[in-house]
Amino acid sequence: SQTTPLSFMNMPILTYIAEISPRPTLFVHGEKAHSRYFAETAFAAAAEPKELMIVPGASHTDLYDQMDKIPFDRIADFFGQHLA
């Protein structure tokens, strides 16, 4: 048996993004991430409240485990503001 991402690629995943509102949405992406365009597209389609955090100099995978590149303070501020 073989697994492919075809069903994911055929899913119009941004169709219902506006329905997330009024829940706050934080988009975190590396400046050099190959998929940065997707975060920017999703951010543009999302309703408020929302924030787009582009991490300078970071790639997509840097934000998995490069502790010095992950902006923990900015993320904590976002959650502190919206989950208070």
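Is Phe-79 buried, partly exposed or exposed? With a relative accessible area of 41%, Phe-79 is partly exposed. Keep that residue in mind for one of the views below. Every view shows a predicted model.

**View 1. The whole chain, from one end to the other.**
Let's start with the parts list: the chain has four helices and two strands. Walk along from the N terminus and you'll meet them in the order α-β-α-β-α-α. The chain has 84 residues, and 23% of them count as buried. The accessible surface comes to about 6100 Å², with 58% of it belonging to carbon and sulfur atoms. As for contacts with a separation of 6 or more, 64% are between residues 24 or more positions apart.

**View 2. Two strands with a helix between them.**
Here you can find strand E1, which covers residues 25-30, and strand E2, which covers residues 50-55. The two strands run parallel, and six bridges join them. Want to pick out some partners? Phe-27 has Leu-52 in E2 as its bridge partner, while His-29 stands opposite Ile-54. Now add helix H2, residues 36-45: together, E1, H2 and E2 make a right-handed β-α-β unit. While you're looking at strands, here's a handy rule: in a regular strand the side chains alternate between the two faces of the sheet.

**View 3. Phe-27 meets Phe-43.**
How many aromatic pairs does a search of the whole structure find? The search turns up two. In one of them, the ring centres of Phe-27 and Phe-43 are 5.9 Å apart and the ring planes are at 90 degrees, so this pair is edge-to-face. The pair links distant parts of the chain, with Phe-27 in strand E1 and Phe-43 in helix H2. The two residues are 16 apart in sequence, yet their C-alpha atoms are 7.1 Å apart in space. Their surroundings are worth checking too: Phe-27 has a relative accessible area of 13%, so it is buried, whereas Phe-43 is partly exposed at 23%. The cut-off for buried is under 20%.

**View 4. Phe-78 meets Phe-79.**
Remember Phe-79 from the opening question? Its ring pairs with the ring of Phe-78: the centres are 5.7 Å apart and the planes are at 85 degrees, so this pair is edge-to-face. Phe-78 is buried, with a relative accessible area of 4%. Phe-79, on the other hand, is partly exposed at 41%.

**View 5. What sits around Phe-43.**
Back to helix H2, where Phe-43 lies. Which residue lies over the face of Phe-43? That would be Lys-50, at 4.4 Å from the ring centre. Leaving out residues up to four places away in sequence, Phe-43 touches Phe-27, Lys-50, Glu-51 and Leu-52. You've already come across Leu-52 as the bridge partner of Phe-27.

**View 6. His-29 and its neighbours.**
His-29 is part of strand E1. Is this residue buried or exposed? Its relative accessible area is 12%, so His-29 is buried. If you set aside residues up to four places away in sequence, the residues His-29 touches are Ser-35, Arg-36, Ala-39, Met-53, Ile-54, Val-55, His-60 and Leu-63. Among them is Ile-54, which you saw opposite His-29 in E2.

**View 7. Thr-61, on the way to helix H3.**
Look for Thr-61 in the loop between E2 and helix H3 (62-65). Thr-61 is partly exposed, with a relative accessible area of 44%. How far is it from the histidine in the previous view? The C-alpha atoms of Thr-61 and His-29 are separated by 9.7 Å, and the two residues are 32 apart along the chain.

**View 8. Two cis peptide bonds, each with a proline.**
Zoom in on the loop between helix H1 (6-10) and E1, where you'll find Pro-22. A cis peptide bond joins Ser-21 to Pro-22, with omega at about 15 degrees. Then move on to the loop between H2 and E2, which holds Pro-49. Glu-48 and Pro-49 are also joined by a cis peptide bond, and here omega is about 0 degrees.

How values were computed:
Residues numbered from 1 in each chain as written. Predicted model: local features only at pLDDT ≥ 70, side-chain atom pairs only at ≥ 80, totals over all residues. Heavy atoms only, no water. Pairing = 2+ DSSP bridges. Right-handed = clockwise from strand over helix to strand, strands pointing away. Phe/Tyr/Trp six-rings, centres within 6.5 Å; stacked < 30°, edge-to-face > 60°. Buried < 20%, exposed > 50% of the residue type's maximum accessible area, 1.4 Å probe, protein only. Lys NZ or Arg CZ within 6 Å of the ring centre and 35° of its normal. Contact = heavy atoms within 4.5 Å. Areas by Shrake-Rupley, 256 points an atom, 1.4 Å probe, with all protein chains shown as cover.
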